[in-house]
Amino acid sequence: SSGINAEYGYQDLIEYSRAHLMLYPYHLSDVMVKGLRVTPFVYYTKMMETIMEQERSYDSLPNFTAADCLRLLGIGRNQYIDMMNQSRNRRFFRRRPASVLLPVKPVNLPIIEPYWTMHIGLVTEDDIRACNPTEKSVIDTLIDTGGSKVGVLDKDTCLSLYSRGLVYLSVPVMDSDLIIVPPLENFVMNRVMGDYFENLLYKIFVSIDEHTKVGDLAAVLEVDVELVKNAISMYIRLGFAKKKSKEKMDLHESWVGHVATENSISEDMSSFAAPLEREESEEIFDSKEPPVIDKIALLKQPSEEGYSKRIAFLFDSTLTAFLMMGNLSPGLKTHAVTMFEVGKLSDESLDSFIAELDKVTDTAEGEAKRYFDHAFTLRDTIQFLRYNAAIDPAGVGAGVDLLRCESLNSLDASTCSRVLNKNYNLLISMAPLSNEVRTVSSSSPFHIGPPVPEVNSVWLKMWMYHITGCGPVSFLLAKGTRLLHLPPELYPYDRLMITTWGHESTIVNTSNVLMALNEALSHSAVLLQAYSKRNEAEIVYVTFPFDKTDDNDLNHVDEDGGSKKLDLVNHPSLLKLSSFVDFDHSCGYVTFINSSKQFSERQGESPPICSSNVEINSFEDWQLLDMYLGVPLFSSEVNKHTCDLLLSRKLCTEQSLTALTDSHRQLVLHLLDFISEHQVVPLAEDDYCGPGEARSFVCQQMPGVNLPPVPYPTRNLMFSTNSLTEITV
């Protein structure tokens, strides 16, 4: 009776999983195949038949499920659309059933590694009669041993038995295994489902590296080691990961060619072979790994065993979109998909990534040029940061990993902190990060970039305008506000800048802004700003640390009695802002805007985008627009100047980074106090932390605390005539 109930339970499980388009439960293969004879092929065939009958789109399949279907059934997006078209092609007033169009056996036999284990499935007498002597011999061996390494059996026989569903495969993963994640091939970007196992797959993706044992990774993530093994086994099965070192065994002669092919390194994978070769010569890494002691020991492993901690360059999904949308290089999309889905591109893969970026040619115009510019500056930034002793706080020159902020945000705060501390000694953010992104808050390891999400939000603009008394006419409007007409302060302007909460700014004409503005206010808070009068506004980016000139003469008159040229770095707003922002130990840029119809003396020339020395006639026409911390990628000129400042000002020394951490703490305190003062319900200091502490900056160090999002404004604010006031609309 209990056995029957268990069988019904497993049947319910398989039906539920299939109905919800979940991955095949490979960890239960012994029950699914032996007891129910539901192989992965049968499971996905019925799943595909169901969604075709329901006429659901291919995008309804979750990413990992779609990848497994492609591996076993050979059905990708194009094949699915083709089958749906054939199914809709009515003959004799009847639709062709989906089952007729689906394959009857695996189209492409999956790649099987010799160390995988083969087990006997549910084999009937009819199955035995249909087998040849070699297949019968293998079946007898599997029955006697309970399972055998595939590499000691005849390869063709194993594939034949597997294709007929008589055996099933398991991928053994040990606590001591090291795992490599190469650039993703055959990954299907559809949708995420959000179930526990899928979330775990993505968490391990961004956390795994080829120098951390599986058991240690489970300890860092605080996840049961068997769950981590199941996830990594799934990666290997799908072809998304490989073991760094495999056990030696006496292989059957049929596997000799497979091993020879496996050992020959293709050009595409040469970047992954390099660290393996360096491992033997001990040029960079030591292959020894310390035993697991506790979490503190885990954080010290890299330095103790000669593996240097790396530099993490943080980016957001906007960058991956640029790399994928621009059709920049045929091989670049694979790396871009890896950056987005895995959330990380490790240093071992950067050689091939840079080689693809080198193939990009600067032939684009208009909006497409933006994609090309980001590709060029990303390449230059990676080459600048990698193995540069002046950038490594340890002074030895470290490798660089690219990490996606959104993937790190999928980890809870304490886990993210452990992962970062274990592998990195410096975080550097790209600038600007999207307003949609929750920036990584970290004081350990050191971070050159926004210290908290609020510093990367609209609130920073309003705070800067308030303390400097300088900025364009701006209205911060709370969600739900409705305007019957534009504020009179904006009448002189022909174009306005609209920033909805958590999104990028857009420039719109004043004549038709009211309807779009009220629509945006129905679902989001909005920052509305003056942009230009009649002509296009002039924008200048001033990088910091500043190269200040000696310009203290308030009369601004030269020796000949003429008007003296002024350097924009001496703008009064920057002098005031420097009392709150540590420009000397951080890097980034400040944006100035000239909205007036009278441009500076460079009218007719292309406006400068970088300034070690931008000369103007008067400060009055130039207003502070925004500020971003990190390394800019949108312009090669701004990027190069920022990288030069990182070196010349020695910003990556431990002394400078320590000073930056302290000054960032003060900046966050001032900003959060400002936000609290202008909210109907002030931010509670003691919600998570002690009195006087910056909630967002301090609490990220507290295990188990998930920070709330950047607070929405609850009052309408206006900045005009050099002052900030609360308004009613």
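These legends accompany four close-up views of a predicted model.

**View 1. Helices H10 and H12 pack against each other.**
Here we look at helix H10, residues 196–207, and helix H12, residues 225–238, whose axes are 10 Å apart and meet at an angle of about 80°. That angle makes H10 roughly perpendicular to H12. On the H10 side, the contact is made by Tyr196, Phe197, Leu200, Leu201, Tyr202, Ile204 and Phe205. H12 answers with Leu227, Val228, Asn230, Ala231, Ile232, Met234 and Tyr235. By class, 13 of the residues in this contact are nonpolar and one is polar, with no charged residue.

**View 2. The largest cavity holds about 170 Å³ of space.**
Five cavities of 30 Å³ or more turn up in a search of the whole structure, and this view takes in the largest cavity. Its lining counts 19 residues, and those closest to the centre are Val181, Ile208, Asp209, Lys344 and Ser346. Two strands, E4 (179–180) and E7 (344–345), each supply at least two residues of the lining. The lining of this cavity is mixed in character, with nine nonpolar, four polar and six charged residues.

**View 3. Three strands form an open sheet, with a helix lying across two of them.**
Follow the strands in the order E15-E17-E19, and you will find the pairing antiparallel. Strand E15 (538–544) and strand E19 (623–629) are the edge strands, each pairing on one side only. From one strand to the next, the twist averages 20°. Strands of a sheet pair through backbone hydrogen bonds. Between strand E17 (residues 588–594) and E19 there are six bridges; Gly588, for instance, has Leu629 in E19 as its bridge partner. Helix H25, residues 636–648, lies across E15 and E17 and runs at about 20° to E15.

**View 4. The second largest pocket has a volume of about 1200 Å³.**
In all, 41 residues line this pocket, and Arg370, Pro432, Tyr541, Tyr589 and Phe634 lie nearest its centre. The sheet strands of the previous view return here: E15, E17 and E19 each supply at least two residues of the lining. Other elements that each give at least two residues are helices H16 (317–325), H19 (368–385) and H22 (458–468), together with strands E12 (495–500) and E13 (505–509). Sorted by class, the lining of the second largest pocket has 21 nonpolar, eleven polar and nine charged residues.

Conventions. Residues numbered from 1 in each chain as written. Predicted model: local features only at pLDDT ≥ 70, side-chain atom pairs only at ≥ 80, totals over all residues. Heavy atoms only, no water. Axes fitted to C-alpha atoms, helices over the stretch in contact; angles between N-to-C directions. Helix = DSSP H or I, 4+ residues; strand = E, 2+ residues; numbered from the N terminus. Parallel < 35°, antiparallel > 145°, perpendicular 65-115°, else oblique. Contact = heavy atoms within 4.5 Å. Nonpolar A, V, L, I, M, F, W, Y, C, P; charged D, E, K, R; others polar. 1 Å grid on protein atoms, 1.4 Å probe; cavity = no way out; pocket = protein on both sides within 12 Å on 5 of 7 lines; lining within 4 Å. Points joined across faces, edges and corners; volume = space filled by probe spheres on them. Pairing = 2+ DSSP bridges.
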